[in-house]
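Please describe how the aromatic residues and the nonpolar interior are arranged in the protein shown here.

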Amino acid sequence: MSNDLTRAETLSLSVLSIACLAVLANTFQGNGEPLIASLAFSGIAFSFTYSLIRWLTQTFIGAGLKGRDMSKLRKPELPETMGAVCAVVYLLTLITFIPFPFYQDIVAATSGGGNRDVIVERQPSLADGRVLHRFPHSKLASYLSALLSLQSVVILGIADDLFDIRWRHKLFIPAFAAIPMLVVYFVDYGVTNVVVPVQLEPYLGTLIDLGWIYYAYMASVAIFCPNSINILAGINGIEVSQSIVIAVLLLLNDVLSLYAAPASPSPHPATDPHLFSIYLLLPFIGVSAALWWHNWYPAKVFVGDTYCYFAGMVFAIVGILGHFSKTLLLTFIPQIINFLYSSPQLFRVMPCPRHRLPHFNSRTGLLEPSMTEWQHPPNRALTGALKLLASLPVPLVAIRENDRGAITQSSNLTLLNLWLVWFGPMKEDRLAVGITGAQMAVGIMGLFVRHKLALLVFRQDNRR
């Protein structure tokens, strides 16, 4: 891959950037229009990320940040950790965007400087019924805590790419990165009640206060989201593709929730959290699209662990501070399945090699399920379980036995390998398309359940 942009790429990115800058300049003619500004920033972030990935390719290789693509015949050497470029551009985009969601509060609704003690007189030009308010420091605190948590997890990802930190050391680090976000949640929101399903109300009441357990749950979400994307990896484009699909699904959830919120003179309580989510998701899609362009099969760069941690923390933040963490998990169903399916290897019930990516057959050019070697035959109970799972009409594992019927190999327990067990050997891009399509289909089904069937279980929808 050439380090330089082609003439067509330079022209296209320049036109996109200029158009987005013009849109940004125009937003100041009104109320700041943060949604339009966020969309414009996303276009600029795409242009910068796309260009920087191209320009920094040889720099990363020269610095030793490189790896071989093991699923190719010639095993080309590619630059790694390009997710760090994506994450840095994203963070700078969010920092630059800060004035836009608060433009109206700074200029129109306060004395001009956001003074928390001074409220201006009502002006005749303001619409009837509008309530003048102090500067929303709580909203700014949420935004800044999100930035701080993202910066912390990006540092973790870069450290992992540089020093290859062991799983047992890095597993809980995202929880520490989430502390700023959880502190702001406690101070500004602090709700730890959960709604009880209608069927259980006679026994448990309408609400249950989980207290500190709810914060443990949110910390668990912050741990799970980054690590789950990092586990479902190993082929070209899969990390970025699943992240873009999840981001689009969450964006769709925001749009549906804003559309369902009833019209009123003052903003509905659900409005600000979902707008906050949109402000974080649009630039994420922008930088991820640029990275996807270079990481899709045949990959020209590797994303590295940095991108997985960064993407997962973005989703954890919008789910927690957007107050829809349960809906977030509906978009993570494939990742949840992959984690549960991988658990026997992750928790050392079965042998777990360091890398469990599918095996590349150099003779056919296709990917096959990778196998883990059993140095000693599994015990009787585990042998029976593996043989049962392998003999199901829809097998959940592939095994190989010796002449005495003892298991010598079993397929690695990842969703990628399971897909190959089900559908047989296939090209790398077909595998990525299949997993990504499943992610989209399951996510849409989850949103359908959330927005159409929730009232069968709960007494009211919290969007209304």
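Rings of Phe, Tyr and Trp (its six-membered ring) are taken as a pair if their centres lie within 6.5 Å, and planes under 30 degrees apart count as stacked, over 60 as edge-to-face and the rest as tilted. By this rule, 26 aromatic pairs are found in a search of the whole structure. This is a predicted model, in which local features need pLDDT of at least 70, side-chain atom pairs count only at pLDDT 80 or more, and totals for chains, interfaces and linings use all residues. Residues are numbered from 1 along each chain as its sequence is written, and side-chain values use heavy atoms, with hydrogens and water left out.

The pLDDT, the predictor's confidence in each residue from 0 to 100, has a mean of 89 for the protein chain, with 90% of residues reaching 70 or more. Over residues 112-132 the pLDDT is below 50. Where pLDDT is low, the predicted coordinates should not be read in detail.

One aromatic pair, Tyr143 with Phe276, is edge-to-face, at 6.5 Å centre to centre and 85 degrees between the planes. The partners are 133 residues apart, and the pair links distant parts of the chain. Their helices (DSSP runs of H or I, at least four residues, numbered from the N terminus) are as follows.

| Residue | Helix | Helix residues |
|---|---|---|
| Tyr143 | helix 6 | residues 137-163 |
| Phe276 | helix 13 | residues 271-295 |

Both Tyr143 and Phe276 are buried, meaning under 20% relative accessible area (exposed is over 50%, partly exposed in between; 1.4 Å probe, protein chains only). Elsewhere, one aromatic cluster includes Tyr90, Phe284, Phe310 and Phe315.

Methods:
Contact means heavy atoms within 4.5 Å. Helices (H or I, at least four residues) and strands (E, at least two) are DSSP runs, numbered from the N terminus.
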